[in-house]
Amino acid sequence: MTLRTKRRLLILTSLFLFMCAAGVAVWPDSPWGKSDAFHVVEIRSPIPVSESPVPEQSAEQDLTPLDFQTYWKKLLRQPLFDPPPPPPKVVEKPPPRPITAKLIATMVEPGNSMAMLQLSSGEVVIRKLGDEIGAADTGAIISAIDEGVIKVMCNEVESKLMVPGQGGN
């Protein structure tokens, strides 16, 4: 499209818009603007106004100081920000149950260490590394066996059992 064609289209478009604006301005005064082509639709309520359930209230009410008493009692000097949230509640874990089994002896060998334990029922058992101690101490697993001492993991808490009368590491 050449520059001359663009200029002609721009002039024609502006003339068209000017004519539309003039038509909108003149339309209400013209005979076409006063025609009965546009009808107003009235919507009638099925309930007569006099039978409506809402009681009529007068637009003018006599206001007394008692009507404003609730607003006067309000505290207007409040902080302009939200207070900080309360600190989170600290949930303390209960201390782990003590292990009821007693260590009698340890046998330390490379790759085959064992511990001799006396359970709370009085039964004497031999357990290896990674074994559970017994029924009374559920979840208690032997994690390390040294001379005179074993380490037991129970509910992510490590505790030591020592042979009575013998000092351990």
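# Paired strands, turns and a cavity

Reader: Which residue in β6 does V149 stand opposite?

Author: V149 stands opposite M162 in β6, and V149 is also the bridge partner, in β5, of D146. This is a predicted model, in which local features need pLDDT of at least 70 and side-chain atom pairs count only at pLDDT 80 or more, whereas totals for chains, interfaces and linings use all residues. Residues are numbered from 1 along each chain as its sequence is written, and side-chain values use heavy atoms, with hydrogens and water left out.

Reader: How do you know that β5 and β6 pair, and in which sense do they do so?

Author: Two strands pair if DSSP finds at least two bridges between them; β5 and β6 have 6 bridges in the antiparallel sense, and therefore they satisfy the rule. One of the matched positions is M153, whose bridge partner in β6 is E158. On the side of β4, 5 bridges join β4 (residues 141-146) to β5 (residues 149-154), again antiparallel, and there I141 stands opposite M153.

Reader: What makes β4 and β6 edge strands in their sheet?

Author: The open sheet has 3 strands in the order β4-β5-β6, with antiparallel pairing. β4 and β6 (157-162) each have a single partner strand, so one side of each is left without a neighbour in the sheet. The twist averages 25° from one strand to the next, an angle taken between lines fitted to C-alpha atoms (for helices over the stretch in contact), on a scale from 0 to 180 degrees between N-to-C directions.

Reader: What is the strand order of the open sheet that contains β1, β2 and β3, and which strands stand at its edges?

Author: This open sheet of 3 strands has the order β1-β2-β3 with antiparallel pairing. β1 (102-107) and β3 (124-128) stand at the edges, each with a single partner strand, so one side of each has no neighbour in the sheet. Within it, β2 (residues 114-118) and β3 pair over 5 bridges in the antiparallel sense, with I126 in β3 as the bridge partner of M116.

Reader: How many helices and strands does the chain have, and by what rule?

Author: The chain comes to 2 helices and 6 strands, where helices are DSSP runs of H or I with at least four residues and strands are runs of E with at least two, numbered from the N terminus. The elements run α-α-β-β-β-β-β-β from that end. Helix α2 (residues 69-72) spans four residues and therefore just meets the helix rule.

Reader: Which elements have the lowest and the highest mean pLDDT?

Author: On the scale of the predictor's confidence in each residue, from 0 to 100, helix α2 has the lowest mean among the elements (83) and helix α1 (residues 3-26) the highest (92). For the chain, the mean pLDDT is 81, and 80% of its residues reach 70 or more.

Reader: Why is N155 called exposed, and V108 partly exposed?

Author: Buried means under 20% relative accessible area, exposed over 50%, and partly exposed in between, with a 1.4 Å probe and protein chains only. N155, in the loop between β5 and β6, has 61% relative accessibility and so counts as exposed; E156, in the loop between β5 and β6 too, counts as exposed at 74%. V108, in the loop between β1 and β2, has 48% and is therefore partly exposed. Of the 169 residues of the chain, 14% count as buried.

Reader: What is the phi of N155, and what is that of E156?

Author: Most residues other than glycine have a negative phi. N155 has a positive phi near 55°, and E156, which is not a glycine, a positive phi of about 65°. In the hairpin of β4 and β5, with 2 residues between the strands, G148 in the turn has a positive phi of about 85°.

Reader: What makes the largest cavity a cavity, and which residues line it?

Author: A cavity is a set of points on a 1 Å grid, over the protein atoms alone, where a 1.4 Å probe fits but cannot get out, and lining residues have an atom within 4 Å of a point. The count comes to 1 cavity of 30 Å³ or more, and the volume of the largest is about 40 Å³, where volume is the space filled by probe spheres set on the points, joined across faces, edges and corners. Its lining is R97, P98, I99, D137, T138, A140 and C154, divided into 4 nonpolar, 1 polar and 2 charged residues. Asp, Glu, Lys and Arg count as charged, and Ala, Val, Leu, Ile, Met, Phe, Trp, Tyr, Cys and Pro as nonpolar, with the others, Gly among them, as polar.

Technical notes. On a 1 Å grid over the protein atoms alone, a cavity is a set of points where a 1.4 Å probe fits but cannot get out, and a pocket is an open set with protein on both sides within 12 Å along at least five of seven lines; lining residues have an atom within 4 Å of a point.
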